[in-house]
Structure formats: structure tokens, C-alpha cells
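This report looks at a ligand site and a metal site. Please keep the structure open while reading.

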Amino acid sequence: MNIDKRIADDLAANGVSFVTTVPCKQLAGVIQEIEGRDDIFHIPSNKEDEGMGLCAGAWMGGKRPAIIMQNTAIGVTINTLATLIQYYRMPLPMLISYRGELREPVACQVEMAVHTKALLAQLNIPTYHFHWQRDVEELDNILKYTFMCNKPVAILTDANFWGGYGDQ
Amino acid sequence: MIRSEILKEIAPILRDQLVVCNIGIPSQELHAIDDQPSNFYMLGTMGLASSIGLGLALAQPKPVIVIDGDGSILTNLGTLPTIGNNAPANYILMIIDNGSYGSTGDQPTYTSQRTDLAGMARAAGCARVVEVQDKDTGPALEEALASGEATVLVVKCDSGNASMPVITMDPVVIRDRFMKAVSA
Ligand SMILES: Cc1ncc(C[n+]2csc(CCOP(=O)(O)OP(=O)(O)O)c2C)c(N)n1
Ligand SMILES: [Mg+2]
């Protein structure tokens, strides 16, 4: 299975046509896939809170948005999640690389990994953790759920899900 | 002129347009001067008015006017390259540059010293950047609407706030009536 194409296909099948991204090494393939598609408009943002603003506007303009970012960005976006996305009740699927989990080679990444689920839980953000590649089968339902309830929803995807780092 | 005087003067232009308005006193002033369902008031999230407006302009064809502030642009400077590289023709970013964080008591921002927002917008790739003095805002805004080009309009004005009530409307009501105005 080409996991990057599978994710983009699920986004498109759920009407997601506006995607903003800030890269992570783990997300390189899915970002490239989205950039290359005609059915999804890709707009890179410079910071993830900026990206959430773009998504909020796109949604009010009638498009279904999504953001693709690293879990470190939870530290960047808490205010935006609380005072924009949640306060105005907007849907936002967040496909998040879960750095600092099993098979992580960079120690610094663990420092935000240990806070990631606690912060999401504190914000009452529905959170799913993809660890095995087959977990992607849940994505379609998660996207439907997100646009049903108009909430930000986190999909954490760890290194094991993406197939690890070469020899790790 | 201060921000509220400018808003009073351009209210007849804003009335028929989709407007995304900056957090704090700018939104309170616009709300008090001429509340419209086509106004999206930011109640928090300093810095994101320009981004919300850009997403909106990209998603649908109606003109979008963002009323932003110098402090809010400075806190989300990454917005300028994103605008410079992506803004569609229906996007107008009007920065009320009063050289201060008006809402929090007029503390000076760096635009009151050496920093030039119009220059920064140009360097970020924005093609149509216009800087005007407060009294010339109305004609400049009309021109931007007629230009058929994305515009960054920097309005230089005095620091100061009118005393207006806070917005007590529920955010979901603001958002819902705004979305109805967008799709009307
Ligand atoms: C993250 C964050 N920091 C600080 C504030 C407080 N704050 C609200 S409005 C504002 C000033 C905004 O200044 P500007 O964008 O220039 O608008 P003006 O009121 O001057 O028109 C500040 C600092 C905030 N709301 N959020
Ligand atoms: Mg200001």
C-alpha cells in the first residue's frame, strides 16, 4: 500500500480540498502527494497557527480544510485551537506526525512527545494514534466524525506507522 | 485621524463586502459603527485576521476585506509571504497602522520607529502595495476593489481608541451569520 496516496485519497473522498502544511521529515511523502493532486489545493504556511487561520477562512468560504503538521506544533497552536477553532466551532482534521515516539532517533523530539497527548486531552480534542500501517483504515471514519461534530480532531502518526527511519 | 474615525468614513464601502476584522477595539468599533452579518469579528487569536481572510478569499469568489493592525501583522509576519505568493485578486488586506498596540493601551510598535510594513509586504512578494494617509483611505479602498488585483493597503494614522462596548454576541452566532452572508 502507498500510505501517502491512501491518506490523500481519503481526504479527497471526504471532500477535503484545502490543505495547509508545515513539513516534518515523516510527512514529506504525503505533502508531496498532496502538492501533486488536482483535487486538493495545497497552500504551505509558515507557522501552524497561521495555517489554522487559513483553514478557518477556507471553511467559512465553503471548503473543507485540513492541516498537516508536526506534534511540536501543538505548542504553537494552543491559543488558536481554543480561541478560534473551538470558540467559533469549526471542523479541523489535523494530521500530525508524532515525533519523539518509538523508533525516534532525535532525542529532543521526545520533549514535546511526552506532552502531546496530555495537551490534546486538556483541550478536549478527540485524538487518534496511528501506530500500525493498517490503522489508516480508521482515517475515513475520523474525517466523517470531524465534519459531523465541527471540532478540531488530532490524528497522531508515529514513526512506526510511517515505517521507521531506515535502520531504526 | 484615529482608527474609529477611519472606520466611520469607510463604513458605507465596507457594508456590502465580506469583512474580517482584527481582535479587540477594532472589532468593537466596527461593530458599534455599523454591525453587519457580513462582518466576521475576531474575539481572540491576535494575528490571524489576515490568514482567515486569505483562506476565505481563496475558497470563494467574493471580495474579502481584512481590517488588520500593525501589531497583529508583526506578530504573524509569516502571513506576508503566504499572501505574496498566493493571494487571489479578491483579497484586500487593509492594515490600520497606528504605530501601536491600540487595544492594550497604545503601547508603541516598531512601525512607529524604523519598521516599514509596506516595504516588508513588497519584499515578501506582494505585488500591489499601497500606503496612504488616514484621510485618503476611502478612495484607496475603492481603488483596491476596482483594481482586480490583490492589494495590501497600509493606512498610516494616529494612535487612539474610541470607547465602545465589548461584543457580547456568541462566536458561533457571529460565524453562522457570516457564513450565510458568504454563501448568499
Ligand atoms: C497572543 C496574544 N498576545 C497579546 C494579546 C493582547 N492584545 C490584544 S489586541 C492587541 C494589540 C493589537 O494591535 P494592532 O493589531 O496594532 O491593533 P490596534 O488595536 O492597534 O488597531 C494585543 C497586544 C492577545 N490578544 N493575544
Ligand atoms: Mg496598531
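## Ligand 1 and the magnesium ion

Ligand 1 takes up the space of the largest pocket. The model is predicted.

**The shell.** Ligand 1 is surrounded by 15 residues. The closest are Arg3(B), Gly71(B), Ser72(B), Ser100(B) and Gly102(B). Two elements of chain B, α4 (70–75) and β5 (100–101), each supply at least two residues of this shell. The largest share comes from α4(B), with three residues.

**Polar contacts.** Oxygen atoms of ligand 1 lie at the following distances from protein atoms.

| Residue | Protein atom | Distance to an oxygen atom of ligand 1 |
|---|---|---|
| Ser72(B) | polar side-chain atom | 2.6 Å |
| Ser103(B) | polar backbone atom | 3.0 Å |
| Asn22(B) | N or O atom in the side chain | 3.1 Å |

Taken alone, ligand 1 exposes 590 Å². The protein buries 73% of that area.

**The metal.** Which residues coordinate the magnesium ion (ligand 2)? Asp70(B) offers OD, Asn98(B) offers OD1 and Ser100(B) offers O, at 2.1 Å. In sequence, these donor residues follow the spacing D-x27-N-x1-S.

Are Asn98(B) and Ser100(B) buried or exposed? The cut-off for buried is under 20% relative accessible area. Asn98(B) counts as buried because its relative accessibility is 7%. Ser100(B) has 4% relative accessibility, so Ser100(B) counts as buried too.

**Where the sites meet.** Ser100(B) appears in both descriptions. Its O atom coordinates the magnesium ion (ligand 2), and Ser100(B) is also among the closest residues to ligand 1.

Key
Residues numbered from 1 in each chain as written. Chains lettered and ligands numbered in written order. Predicted model: local features only at pLDDT ≥ 70, side-chain atom pairs only at ≥ 80, totals over all residues. Heavy atoms only, no water. Donors = N, O, S within 2.8 Å, 3.2 Å for Na, K, Ca; no water. Buried < 20%, exposed > 50% of the residue type's maximum accessible area, 1.4 Å probe, protein only. Near = heavy atom within 4 Å. Polar contact = N/O pair within 3.5 Å; in protein donor to acceptor, adjacent residues only side chain to side chain. Areas by Shrake-Rupley, 256 points an atom, 1.4 Å probe, with all protein chains shown as cover. 1 Å grid on protein atoms, 1.4 Å probe; cavity = no way out; pocket = protein on both sides within 12 Å on 5 of 7 lines; lining within 4 Å. Sits in = over half its atoms within 2 Å of the grid points. Helix = DSSP H or I, 4+ residues; strand = E, 2+ residues; numbered from the N terminus.
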